[in-house]
Amino acid sequence: MSDTSAVVVGFDGSEHSVRALDWALRVARSLEAPLTVAHVRSDALQLGSARIASLGGTPEIPDTVVDALAAQVGPRAEGLDVRYASLDGSVVDALTGAARGARLLVVGSRGRGGFASLLLGSTSRALASSAPCPVVVVPHEARAASLESGAAAGRVLLGLHIDETADEVVEFAFEAARRRGVALEVVTAYPVPPSPALLIGAPAPALQVPPPLPDETPELVDTTIRRQEERLRPFAERHPGVEVVQAVTPADAAGRLVEDSGDAGLVVVGRHRRHRVETLLVGSVAHAVLHHAACPVAVVPPAQRPGKS
């Protein structure tokens, strides 16, 4: 995607969307990219149509929305190319359409109207699985540091499945860490063989305590770290200024990412293609991180395959 592609932010005037707007303004400025502030009209009857206007608004846009946008964007948007999009239709359809050709789509964790179910239900899942560009969800309780650049922003976390995570996801994480000037922590889960106590037909343990890790765990850890390093090497060579911190965890990458998100600036996870079907899915790790991470979460799709619309 070209550097001139816009950052799109969904805005409905709620406190949650204001936080998303703040994040989008900072990112657009760091990327030197135009910013499109998109408002979905909840009373619209037509799907997919959009009227683009300058920040000053048009007679078709409610004055309260224009005033809110001017108050929030105007003082902080100096030097940015900011446009306003009034969209008709459902939030998912409208924002998915607005994100075509965009560099990034940014949304808040909750909001009025169609944004009300973000992070709670179908709206967030649909945007995360259908938007044609990376989607960043900014949680309401995100730390102030996560909206800043530089060392105070906190490191970038990448959830990496060595065999499945697309190159575009890894590159996005490296670029985010490079722009912020922070470390990139890469979290990969290694498989833990089941304990005999958990096998079907095995007697229940006398004490309800976690079983010890199997003897082969050190070998699994070493193998996972080595494979992770091999997977990351081409990206590290392209981004020599990015400090990479390798982390492996038994079985549950989502839990580690959520736990570490408390002092991170951004979590990056990928979308996956369904086997034999040209659709994209948000996996269990991305789903858990979206619901529980304490900092903004970027869900990055793989590149569009040739011949697919």
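## A walk through the chain, starting at A28

Let's begin with A28, which sits in helix α1. Helices here are DSSP runs of H or I with at least four residues, strands are E runs of at least two, and both are numbered from the N terminus. The model is a predicted one, so local features need pLDDT of at least 70 and side-chain atom pairs count only at pLDDT 80 or more, while totals for chains, interfaces and linings use all residues. Residues are numbered from 1 along each chain as its sequence is written, and side-chain values use heavy atoms, with hydrogens and water left out.

Is A28 buried or exposed? With a relative accessibility of 0%, A28 counts as buried. The cut-offs are these: buried means under 20% relative accessible area, exposed means over 50%, and partly exposed is in between, using a 1.4 Å probe and protein chains only. So what does A28 touch, if we skip its neighbours within four places in sequence? The answer is V7, A33, L35 and L80, where contact means heavy atoms within 4.5 Å. V82 is 54 residues away from A28 along the chain, yet their C-alpha atoms are separated by 9.6 Å.

Now step along to E32, in the loop between α1 (15-31) and β2. Most residues other than glycine have a negative phi. E32 isn't a glycine, but its phi is positive, at about 55°. E32 counts as exposed because its relative accessibility is 72%.

Next comes T36, in strand β2 (residues 35-41). T36 is buried, as its relative accessible area is 15%. Leaving out residues up to four places away in sequence, T36 touches A6, V7, V8, V9, R83 and A85. You've met V7 already, on the list of contacts of A28. There is also A99, 63 residues from T36 along the chain, with 9.6 Å between the two C-alpha atoms.

Further on, S109 lies in the loop between β5 (104-108) and α4 (122-130). Which way does this loop residue go, buried or exposed? S109 counts as buried, because its relative accessibility is 5%. Its C-alpha is 6.2 Å from that of V137, and the two residues are 28 apart in sequence.

Another loop residue is D163, placed between β7 (155-159) and α5. D163 is exposed, with a relative accessible area of 57%. From D163 to Q228 you count 65 residues in sequence, but 9.7 Å in space, C-alpha to C-alpha.

Let's turn to helices that pack together. Two packed helices are described by the angle between their axes and the distance between the axes. An axis is a line fitted to C-alpha atoms, for helices over the stretch in contact, and angles run from 0 to 180 degrees between N-to-C directions.

Take helix α5 (residues 167-180) and helix α6 (residues 217-238): their axes are 10 Å apart and the angle is about 40°. That makes α5 oblique to α6; angles under 35 degrees count as roughly parallel, over 145 as roughly antiparallel, 65 to 115 as roughly perpendicular, and the rest as oblique. The crossing of α5 and α6 is right-handed, meaning that the near helix is turned clockwise from the far one by less than a right angle (anticlockwise would be left-handed). On the α5 side, the contact is made by D167, V170, E171 and F174, and on the α6 side by R231, L232, F235, A236 and R238. These divide into five nonpolar, no polar and four charged residues. Here Ala, Val, Leu, Ile, Met, Phe, Trp, Tyr, Cys and Pro count as nonpolar, Asp, Glu, Lys and Arg as charged, and the others, Gly among them, as polar.

The other pair is helix α7 (residues 253-260) and helix α8 (residues 284-292), whose axes come within 9 Å and cross at roughly 25°. That makes α7 roughly parallel to α8. This crossing, too, is right-handed. A253, A254, L257 and V258 of α7 meet V285, A288, V289 and H292 of α8. What kinds of residue make up this contact of α7 with α8? Seven are nonpolar, one is polar and none is charged.

Finally, zoom out. The chain has eight helices and 13 strands, and 47% of its 309 residues are buried. Among contacts between residues at least 6 apart in sequence, 80% join residues at least 24 apart.
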